[in-house]
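Me: I should like to learn how to read several features of a protein model, one at a time. Please give the general idea before the particular case.

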Amino acid sequence: SARVSIATQLFISNDKPNVAGLILAGSADFKTELSASDMFDQRLQSRILKIVDIAYGGDAGLNQAIELSAEVLANVKFIQEKKLIGEYFDQISQDTGKYCFGIDDTLKALEMGAVQTLIVYEALETCRYSIRHPTTGVEKVIFMEPEQEKDTKEFHDAETGIQLEVDKVSLVEWFANNYKKFGCHLEFVTNRSQEGAQFVKGFG
């Protein structure tokens with residue numbers, strides 16, 4: 001009973017479910033009985049995606065539940081991705097001005113604190129290079145695709161030819177580590193949905 005009330009506290013906000021789905025997992029019949037019980041908050045009933053049998057408790061049981069629910073969890077992400085990108089395309093078609101794309105404009109908007117949701121292609125290959133002159137200490141940041149890295153002129157001082165100090169990180173990783181500083185939400189998308197493929201092709 002205590003655990004059921006905790007579920008209500010965690011998964012109900014403003015009298016509505018705040019989760020896309022729930023997986024009930026256990027080693028006995030309790031999980032099935034719980035789903036049909038009056039103890040289980042009725043508002044969460046529609047969010048039950050799957051009920052699975054697991055052989056372990058603790059972290060091992062959690063991992064087993066995730067494995068057994070992989071397909072249904074993937075479908076949830078797929079649906080969320082279609083909705084997210086669909087809303088982004090709506091902003092563009094309605095010309096609301098509440099959108100931007102491309103690395104330069106996106107970073108400017110982030111610096112201004114103007115981004116509510118940052119949508120990033122999970123397989124984006126662009127890298128962020130922080131380049132510092134070892135003598136003067138002057139720093140600059142550039143972004144390059146893998147094939148552009150072969151041109152090493154950016155990594156040497158134009159006048160003296162001296163090797164510059166380079167700190168390289170994938171832009172995906174940099175966004176994951178820094179998005180909270182800009183007060184926005186971060187959403188990674190794939191190119192596996194029709195909307196995702198269109199997003200990557202048009203704006204990736």
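The dialogue below takes up the sheet, the salt bridges, the backbone and the surface.

Me: What should be known about the model beforehand?
Reply: This is a predicted model, in which local features need pLDDT of at least 70 and side-chain atom pairs count only at pLDDT 80 or more, while totals for chains, interfaces and linings use all residues. Residues are numbered from 1 along each chain as its sequence is written, and side-chain values use heavy atoms, with hydrogens and water left out.

Me: In what order do the 3 strands of the open sheet stand?
Reply: Helices (H or I, at least four residues) and strands (E, at least two) are DSSP runs, numbered from the N terminus. Two strands pair if DSSP finds at least two bridges between them. Here the order is S7-S6-S8, with antiparallel pairing. S7 and S8 each have a single partner strand and stand at the edges, so one side of each lacks a neighbour in the sheet. From one strand to the next, the twist averages 20°. Angles run from 0 to 180 degrees between N-to-C directions, and axes are lines fitted to C-alpha atoms, for helices over the stretch in contact.

Me: How many bridges join S6 to S8?
Reply: Strand S6 (residues 127-132) is joined to S8 by 6 bridges. Ile131, for instance, has Val166 in S8 as its bridge partner.

Me: Which helix lies across S6, S7 and S8?
Reply: Contact means heavy atoms within 4.5 Å. Helix H7 (residues 171-178) lies across these strands and runs at about 80° to S8.

Me: How many salt bridges does a search of the whole structure find?
Reply: Side chains of opposite charge can pair when their charged atoms come close. The criterion is a side-chain nitrogen of Lys or Arg within 4 Å of a carboxyl oxygen of Asp or Glu. The search finds 9 salt bridges. One of them pairs Glu87 with Lys83, with the closest N and O atoms 2.9 Å apart. These two residues are 4 residues apart in helix H5, and are therefore separated by about one helical turn.

Me: Which parts of the chain does the pair of Glu149 and Lys168 link?
Reply: The side chains of Glu149 and Lys168 meet in a salt bridge (2.9 Å, N to O). The pair links distant parts of the chain, 19 residues apart: Glu149 is in the loop between strand S7 (139-144) and strand S8 (165-170), and Lys168 is in strand S8. Salt bridges that share partners also join Asp15, Asp41 and Arg43 into one network.

Me: Is Asp41 buried or exposed?
Reply: Buried means under 20% relative accessible area, exposed over 50%, and partly exposed in between (1.4 Å probe, protein chains only). Asp41 is buried at 13%, whereas its partner Arg43 is partly exposed at 31%. The closest N and O atoms of this pair are 2.7 Å apart.

Me: Which sign does phi of Asp15 have?
Reply: Phi of Asp15 is positive, near 70°, in a residue other than glycine. Asp15 lies in the loop between strand S1 (12-13) and strand S2 (16-17), and is exposed at 55% relative accessible area. Asp95, also not a glycine, has a positive phi of about 50°; its place is in the loop between H5 and helix H6 (103-111).

Me: Which residues form a nonpolar patch on the surface?
Reply: Patches are made of residues with over 30% relative accessible area and no salt bridge; like charges are joined within 9 Å, and nonpolar side chains (Val, Leu, Ile, Met, Phe, Trp, Tyr) within 5 Å. Accessible areas come from the Shrake-Rupley method with a 1.4 Å probe, and for residues only the protein chains shown count as cover. Leu49, Leu62, Ile66 and Leu73 form the patch, with about 320 Å² of accessible area together. Leu73 lies in helix H5 (residues 70-93) and is partly exposed at 36% relative accessibility.
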